Amino acid sequence: MTTSKPLWRRGVEAADRVAAPVLEGVSQHEALAIALGLFQQTRKAIRRRTERTSRRFLHALNLPTASDVNRLLSVIAAVENRVRSLDDQVKERLPVETDLEPPAPRSEG
Amino acid sequence: MRTRNGLRHVGGLATGPLAVTPSSEVWRRDNVVLYRYHGEERAGMVPIVLVMSLVTKPYVFDLRPGSSLVQDLLDAGHDVFLLDWGIPEPVDAHNGIDRYTDHYLPRAVEAAACVAQSADVTLFGYCMGALLALLSTAGNPQMPVRNIVALATPVKLRDLSPMTTMLAEGRLRPDDLVDETGNVPASLVMESLRIVKPTAPLATYSNLWQSLADDEALSAHNALVGWSNDHIPFPGTAFRQLATDYIAGGAPLGGTAPVGDRIVSLGDVRCPVLSVVGAKDHLVPPEASAPLAELLSNADLTTLVLPAGHAGLFIGRQARTKCVPSIIEWLAGLT
């Protein structure tokens with residue numbers, strides 16, 4: 001069964017057909033790539049400066065900063081990764097069956 | 001009707017149940033879990049292992065009642081498994097591509113074959129999951145894979161989006177995109193895909209307006225749009241490798257691809273492969289999958305081009321009438 005599209009829908013699709021190539025052209029344009037690169041670098045520079053200032057202030061009060069917490073998180077992640085690789089080595093030496101979990105019913109919702 | 005449904009939509013009540021096909025966890029490593037769907041008949045067919053991309057959630061395979069690839073495969077008598085990569089945490093930032101292709105995938109495939117008491121399995125990959133399935137099969141010849149179904153497989157990655165072009169040209173460095181967890185944040189993954197089709201929101205909102213007149217259509221619309229906005233972070237090390245070796249380096253277009261500390265050749269895939277391509281796919285356009293014909297030189301490759309978009313390959317009316325039956329038919333021909 002085919003149903004004809006409503007007039008408003010055909011209008012939207014016509015607008016899309018006109019706008020899409022223009023906007024896609026903009027999104028792939030050299031100037032946008034340069035602007036995004038500059039934006040990214042500026043954002044990083046501002047973030048670095050803000051972090052440096054707030055770190056000086058918070059450390060003066062003997063308080064941890066977000067970058068301290070992030071550094072700890074990455075250390076924990078590295079340790080966890082090391083534990084994983086040791087766990088892999090242990091599991092590789094055990095029979096395959098031990099890798100299989102007992103069935104547990106699941107229904108995503 | 002539109003007013004009522006509009007209020008339900010705004011209140012978040014119009015989506016309906018998602019991923020309802022019951023399943024059981026049968027294997028787990030780290031955050032990666034293999035589920036087996038409960039099916040009535042498992043008529044001695046080769047079990048299917050569904051493999052998702054690393055940036056989206058796998059419930060799209062079982063999106064909603066009436067629009068579920070899992071249910072369609074179960075109805076056809078297949079034993080269906082789902083490999084869920086999980087949501088990457090800071091520890092997963094250390095996972096390279098080889099962790100997925102040489103560690104998780106071979107073990108999950110072995111577990112699926114063991115649980116299903118089958119000699120081998122069908123790998124069914126979607127998007128980057130299809131590339132992972134191919135690389136894993138190529139690099140692990142002992143892996144019991146009977147055949148591969150590869151949906152929307154990106155092998156020419158350089159021009160997939162303005163962001164991949166910028167990475168390839170060195171205007172963006174992979175490290176610029178990684179956050180404090182070590183992974184690429186989900187919001188950035190979503191933005192990089194959105195920029196491919198800037199007018200997509202226009203189509204989404206007009207679809208929404210049209211769907212408001214029908215409960216079922218609204219539920220289907222919300223389920224699909226909800227999934228397409230439900231991205232997950234990209235593991236940092238895998239992203240750096242993808243950006244350096246695949247997007248900028250052009251792998252696997254030369255026939256080989258670096259995986260961990262070795263080089264894998266897609267020419268080593270020797271089983272039958274069905275490549276399904278969406279002619280209207282903006283995220284992985286047909287040109288991005290086209291080199292597969294040359295790269296899979298030793299595989300019995302069948303290519304199926306359908307007039308569908310990225311998710312339309314297995315969701316929606318056309319998927320149910322054309323794509324999914326074609327896949328089931330191809331699988332039946334090889335069983």
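Two residues are in contact here if their C-beta atoms, placed from the backbone, lie within 7 Å. Keep in mind that this is a predicted model: local features need pLDDT of at least 70 and side-chain atom pairs count only at pLDDT 80 or more, while totals for chains, interfaces and linings use all residues. Residues are numbered from 1 along each chain as its sequence is written, and chains are lettered from A, with ligands numbered from 1, in the order in which they are written.

Select A108(B) to begin. Leaving aside residues up to four places away in sequence, A108(B) touches W27(B), L34(B), V49(B) and L83(B).

Now widen the selection to the largest nonpolar core, meaning buried Ala, Val, Leu, Ile, Met, Phe, Trp, Tyr and Cys residues joined through C-beta atoms within 7 Å. Buried means 20 or more other C-beta atoms within 10 Å of a residue's own, again placed from the backbone. That core has 111 residues, and among those touching the most other members are L34(B), V49(B) and A108(B). Helix α3 (residues 97-115) of chain B gives the largest share, nine residues.

Next, pick chain A. Reading along its sequence you meet α-α-α-β, with helices (H or I, at least four residues) and strands (E, at least two) taken as DSSP runs numbered from the N terminus. Of its 109 residues, 2% count as buried.

Finally, show where the two chains meet: 31 residues of chain A are in contact with 37 of chain B. On the chain A side, α1 (7-27), α2 (30-60), α3 (66-92) and β1 (105-106) each give two or more residues, and α1(A) supplies the largest share, eight residues.

Conventions. A residue is buried if 20 or more other C-beta atoms lie within 10 Å of its own, exposed if 12 or fewer, and partly exposed in between; C-beta atoms are placed from the backbone.
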